[in-house]
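This briefing concerns the assembly shown below. It is arranged by topic, beginning with one helix and moving on to the contacts between chains.

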Amino acid sequence: MGELHLIRDVLDEQVIDRRKRKMGKVDGLIIVLRKDQPPRLAYIELGMSTLAHRLHPRLGDWVEALGRKWGARQGTPFRVPWSKVHLLQLDLKVDLDADETPVLNWEKWLNQHVIKRIPGSG
Amino acid sequence: MRKKAFEITLGIVTSIGGFLDVGAIATAAQAGAAFGFQLVWAILLGTICVIFLVEMSGRLAAVSKHTLVDALRERFGVNFCLVPFTAELFVDVLVLAAEIGGVCLALQLITGISFPWWALPVAFLLWLLLWKGTFEIIENGTSFFGLITLCFVVAAFVLHPLWKLFGAGVLPSLPTHDKAHYWFIAVAILGALISPYLFYFYSSGAIEDKWGKGHLVVNRAIAGLGMGFGSLVSLGVLVVSALVFQPRGLQVDAYEQAALMLTESFGYWGFIFFAVSLGIACFGAALEVSLNLAYGTAQALGWNWSENEHPTQDARFSASYTVFVFAASLLMVIGIDPLKLTLFTMALTAVILPLVIIPFLILMNDERYLGKHRNGWISNGVILFIIGLAFVLAIVAIPLEIIGG
Amino acid sequence: MQTATSWAATAQMAGEAWVRRAVPTHYAGRTIDTAVETLSETRETLEQSPSIPPDQRVKAREHLQNLAATIEEMRKAIRSGDRARVQEQVQQLTAQKQALLNFLENAGARP
């Protein structure tokens, strides 16, 4: 494998879990700056507020505030350590189970409180 | 092989959304009534462009296993996609409202009960099909019932048009009267046919139908035949309108007028055929646009999505089409004229088209996605030429029409 | 004026179709209502446009009034289910529309 272009090949790519479930897109990249050492890509970040921050900082703050108000855990960005990420042809596969992460919180909440209550959903 | 022959339904359902929806029927009827066969070229040009675009989006999905929305966000990033995606979302909601309106108008023609009353029942039925149905039911059902629109083609033959005049319309010519209106209708036809939701939807459909590289040849046939079907019916509408309305000096500004189109050839059945065709085509288009809205949202944000899963398996996806369907139907409840709404959305589509198509073309030339199945110079050339033309016509003709009233 | 002749043609066609029982009554009624409305709108626009010479304006108004009167009659006939009378109105409308077209052509306006 040759070079990796972070913006082209990692940012905004689809993330899937161990069982090939869609987890979201890479909404942000976290690079740690270390003293006397080159910066290192530490995490990929998934979350609505991360995404909103990239569009406009104020929009990001707003989404974050909204997330805090409506059940704090739902809106928190989720970080996946780079060591758990495998590059596929176009997608990123992470060595996790989506069900055990907070990325599906919204999906689950919506399912419990709305979708399941409508007849014929299952 | 039999299974693959059935895949044509994806082409037909896609083409119904493009060629036979509320806006396309209206513009074809207007073109025929005002300019006879003179605007046949606009439908043909639009058809060629749509065939190429649909083939491309099918190829993208079959080779990369990614839909167009997925690929656009992944390749260009969220900041770049913000404008085209929001514009598309906005236009799609308006189009969905207009399609629901078209179904309501059809019901009004048959029952006499005024169209705003139908908006919520129609929206409910639409939602119910999305909620309980699978992608296959939707594509097969729409394609099967959509065949009724062939009545326009039958009527065109029954009326014995002068095919020589029709042939003359294949090549563009300058109008002898109402120049501004002529170019405006040409833009409206192109805008109605080349709708971005067509190829967004088609690429999602190809993923729903689990296409792979083995489908590349089938994809070409489906794009050609499916879009050809829609184009044929659209030409039928234009021909009938030219033969029935033009001699009487009847301009089509309202669906009440268009409804008389088939009464000359088929009497009372003609009236019913028109209403049923309008209703079914618009319902099919509404299914397509609702799904497209939910697909687009889910894909842009990386959610799990599929019409083939139960709603509990993709709660966010199901919730989004539910919200979109009922939000759009509210526009009809308050009684906005569907025809005026579509004319507006079509003009808007023609202006934002380059913004959507150019990234799509770049993607189709990207080796990472397409490998050796990248676009050749013919595909690139045809698309660039037609989109350029539509864009220039749009920025020239729309202001002219507004000034000219 | 183009809209006026177009809606006169619509009323005429809807009337004919109704006589042949090719369209339901509710549809014919509604279409003719729209035609009446559109014609009165055209008359208002005509009154307000300053570019038309007075003598032509008077004549144009007369034509529109004739059309409107016939369509109004047609509306009543459809309500009472009188197919023979609608047939008469259709013929009258055809003649009036032709007269309007001739007038427009002489006046050099767009048909």
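Where is the kink in H5(B) centred, and about how many degrees does the kink measure? The kink is centred on Gly77(B) and amounts to about 125°. The model is a predicted one, and the points below treat two helices of chain B, the make-up of chain A, a sheet in chain A, and the contacts that chain B makes with chains A and C.

**Helix H5 of chain B**

- Helix H5 of chain B covers residues 68–111, a run of 44 residues.
- The C-alpha atoms at its two ends are only 41 Å apart, whereas a straight helix at 1.5 Å a residue would reach 64 Å.
- Within this helix lies the kink of about 125° at Gly77(B).
- Of the 44 residues of H5(B), 33 are buried, so the helix is largely enclosed by the rest of the structure.
- Gly112(B) follows H5(B) and has a positive phi, near 85°.

**Helix H3 of chain B**

- Helix H3 of chain B comprises the 14 residues 22–35, for which a span of 20 Å is expected at 1.5 Å a residue.
- The end C-alpha atoms of H3(B) are 20 Å apart, in agreement with that expectation.
- Burial takes in 14 of the 14 residues of H3(B), so this helix is largely enclosed by the rest of the structure.
- After H3(B) comes Gly36(B), with a positive phi near 60°.

**Make-up of chain A**

- Chain A contains five helices and seven strands.
- Read from the N terminus, its elements follow the order α-β-β-β-β-α-α-α-β-β-β-α.
- Along the principal axes, the C-alpha atoms of chain A fill a box of roughly 55 × 35 × 20 Å.
- Chain A has 122 residues, of which 39% are buried.
- Among the contacts in chain A with a separation of 6 or more, 49% involve residues 24 or more positions apart.

**An open sheet in chain A**

- Three strands of chain A, in the order S3-S4-S5, form an open sheet with antiparallel pairing.
- Strand S3 (28–34) and strand S5 (78–81) of chain A are the edge strands, each pairing on one side only.
- From one strand to the next, the twist averages 40°.
- Strand S4 (residues 37–46) of chain A runs antiparallel to S5(A) and is joined to S5(A) by four bridges.
- Tyr43(A) has Pro81(A), in S5(A), as its bridge partner.

**Contact between chains A and B**

- In this contact, 33 residues of chain A meet 30 residues of chain B.
- The two chains bury about 2,600 Å² between them, with 54% of that area on carbon and sulfur atoms.
- Lys25(A), Leu90(A) and Glu107(A) supply 24% of the area that chain A buries against chain B, more than any other three residues.
- Two pairs of chains are in contact, and chains A and B share the most contacts.

**Contact between chains C and B**

- Chain C contributes 24 residues to this contact and chain B contributes 25 residues.
- About 1,900 Å² is buried between chain C and chain B, and carbon and sulfur atoms give 54% of this area.
- Met13(C), Tyr27(C) and Arg30(C) supply 33% of the area that chain C buries against chain B, more than any other three residues.

**Chains A and C**

- No contact joins chain A and chain C.
- The closest C-alpha atoms of chain A and chain C lie 38 Å apart.

Terms used:
Residues are numbered from 1 along each chain as its sequence is written. Chains are lettered from A and ligands numbered from 1 in the order in which they are written. This is a predicted model: local features need pLDDT of at least 70, side-chain atom pairs count only at pLDDT 80 or more; totals for chains, interfaces and linings use all residues. Side-chain values use heavy atoms; hydrogens and water are left out. The expected span of a helix is 1.5 Å times one less than its number of residues. The bend at a residue is the angle between axes fitted to the seven residues ending there and the seven starting there. Buried means under 20% relative accessible area, exposed over 50%, partly exposed in between (1.4 Å probe, protein chains only). Two strands pair if DSSP finds at least two bridges between them. Axes are lines fitted to C-alpha atoms, for helices over the stretch in contact, and angles run from 0 to 180 degrees between N-to-C directions. Contact means heavy atoms within 4.5 Å. Buried area is the accessible area (1.4 Å probe) that two parts lose on being put together, summed over both.
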